[in-house]
Amino acid sequence: MKVQAAVTHSQGDDFKLEEVELSEPNPNEVVIKIVASGVCHTDAVARDAGLAPFPAVLGHEGSGVVQEIGDAVTTIEPGDHVVIAFASCGHCENCLTGHPSVCLAFNDLNFGGKMEDGTYRIHQNGQALSTFFGQSSFGTFAVANEKNVVKVDKDVDLALLGPLGCGIQTGSGTVLNKLKPEFGSSIAIYGSGAVGLSAVMAAKIQGCKQIIAVDIHESRLELAKELGATHAINSKTTEDVVKEIKEITNGGTHYAIDTTGVPPVVKQSIHALRPLGQCAIVGVTPEITFDVHNDIMAEGKTIMGVIEGDAIPKVFIPQLVEYYKNGQFPFDKLVKFYEFEQINEAFADSKNGVTIKPIVKMAE
């Protein structure tokens with residue numbers, strides 16, 4: 001089937017809307033007509049840092065309508081509204097114990113460019129194009145494995161739901177699935193982009209008493225307060241962020257999430273914890289040097305990495321949709337829509353901080 005896709009031919013290239021050939025699905029796969037796709041920082045990293053083999057069709061926050069299913073598919077039907085999440089094998093120890101985001105084959109399945117059976121679904125002029133996250137949602141149609149396709153309610157705007165498959169799932173899941181802060185506890189969230197603001201909303205759902213948003217953009221901090229933050233700190237204008245947080249919390253936060261990946265900010269997140277505090281790092285972070293004894297061990301602190309919010313997408317994404325429908329998780333306030341033809345503009349606006357969560361919509 002001939003479809004339109006945003007093709008990345010080599011590292012750092014702009015996206016080019018071109019015609020490609022999409023193969024028929026395998027027995028365990030489905031064909032999805034993409035309605036919209038979120039634009040995520042990971043797509044930018046893949047394009048600019050060569051995270052996936054080129055040429056490639058990126059995109060990994062797709063939502064759409066199922067058009068065709070393989071003979072072995074049993075949980076999805078044509079006409080279903082779906083969100084496409086990350087790929088996982090489904091049979092390794094981590095998948096079987098409810099942690100598919102740390103699937104032992106995660107890197108191969110999501111960044112290796114091939115589908116689970118080692119073949120390709122997208123071609124152009126006889127050349128194979130890499131698939132990203134088992135979906136490649138920067139196209140008008142996509143093929144995905146049944147395992148990473150999540151059925152969602154039809155009474156919610158489908159174009160809005162794609163980012164639930166990655167960025168918004170990451171922030172909210174880190175709170176609700178991994179840290180699980182106690183009612184009345186304190187949490188600081190460093191970075192108020194889509195991931196950080198999703199964590200803010202989740203912390204409010206969880207009943208945290210003090211929810212502290214830290215960022216350098218006043219507009220994002222104002223939105224953080226609207227979404228549930230009890231305090232907002234501009235780290236550009238605040239002389240000592242750690243001191244400020246310890247004063248607010250009478251000794252430091254119980255929990256912290258760093259979404260920035262900026263080494264000095266990561267250190268702040270750890271220094272501002274109280275003894276026995278826990279810090280989750282979800283941003284791509286370069287090497288950092290710690291004083292392990294004084295920063296961590298002596299006060300019993302925990303530092304952990306969290307991928308995709310430690311979520312089981314087929315369980316967690318429908319829960320987020322319910323929170324949204326109930327008015328508890330208004331993630332639509334993060335979103336700005338772009339037409340598919342504006343995908344390069346959407347990326348630029350995201351990189352420059354103009355838009356918190358861009359979503360590109362495919363033509364009807």
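Author: A polar contact is a pair of N or O atoms within 3.5 Å. The model discussed here is predicted.

Reader: Which backbone oxygen does the side chain of Gln124 reach, and at what distance?

Author: Gln124 belongs to strand S7, residues 122-124. Its side chain forms a polar contact of 2.9 Å with the side chain of Glu18. The Gln124 side chain also extends to a backbone oxygen, that of Glu19, at 3.2 Å.

Reader: Is Gln124 buried or exposed?

Author: Beyond four places in sequence, the residues touched by Gln124 include Val7, His9, Val20 and Leu129. Buried means under 20% relative accessible area. Because the relative accessible area of Gln124 is 13%, this residue is buried.

Reader: How far apart in space are Gln124 and Val7, C-alpha to C-alpha?

Author: Val7 is among the residues that Gln124 touches. In sequence the two residues are separated by 117 residues. From C-alpha to C-alpha, the separation of Gln124 and Val7 in space is 9.8 Å.

Reader: Which residue in S8 stands opposite His123?

Author: Strands S7 and S8 belong to a closed barrel of five strands, S1-S2-S7-S8-S4, in which the pairing is mixed. S7 and S8 (residues 127-131) run antiparallel and are joined by three bridges. Opposite His123, in S8, stands Ala128.

Reader: Why do the buried residues of H11 line one face of the helix, and within what arc do they fall?

Author: Helix H11, residues 343-351, has Ile343, Ala346, Phe347 and Asp349 buried. Viewed down the axis of H11, these residues are confined to a limited arc, so they line one face of the helix; that arc is 165 degrees.

Reader: Against which helix do the buried residues of H11 pack?

Author: The buried residues of H11 have several packing partners, including strand S1 (2-8), strand S17 (335-339) and strand S18 (357-361). The helix against which they pack is H1 (41-49).

Reader: Which are the edge strands of the open sheet of six strands?

Author: The order of this sheet is S13-S12-S11-S14-S15-S16, with parallel pairing. An edge strand here pairs on one side only, and the two concerned are S13 (231-234) and S16 (302-305).

Reader: What angle does the direction of helix H5 make with that of S11?

Author: Within the sheet, S14 (residues 253-258) and S15 (residues 273-281) pair in the parallel sense over five bridges. Helix H5 (residues 194-206) packs on the sheet and touches S11 (186-190), S12 (210-215) and S14. The direction of H5 makes with that of S11 an angle of about 165 degrees.

How values were computed: Residues numbered from 1 in each chain as written. Predicted model: local features only at pLDDT ≥ 70, side-chain atom pairs only at ≥ 80, totals over all residues. Heavy atoms only, no water. Helix = DSSP H or I, 4+ residues; strand = E, 2+ residues; numbered from the N terminus. Buried < 20%, exposed > 50% of the residue type's maximum accessible area, 1.4 Å probe, protein only. Contact = heavy atoms within 4.5 Å. Polar contact = N/O pair within 3.5 Å; in protein donor to acceptor, adjacent residues only side chain to side chain. Pairing = 2+ DSSP bridges. Arc of directions from axis to C-beta. Axes fitted to C-alpha atoms, helices over the stretch in contact; angles between N-to-C directions.
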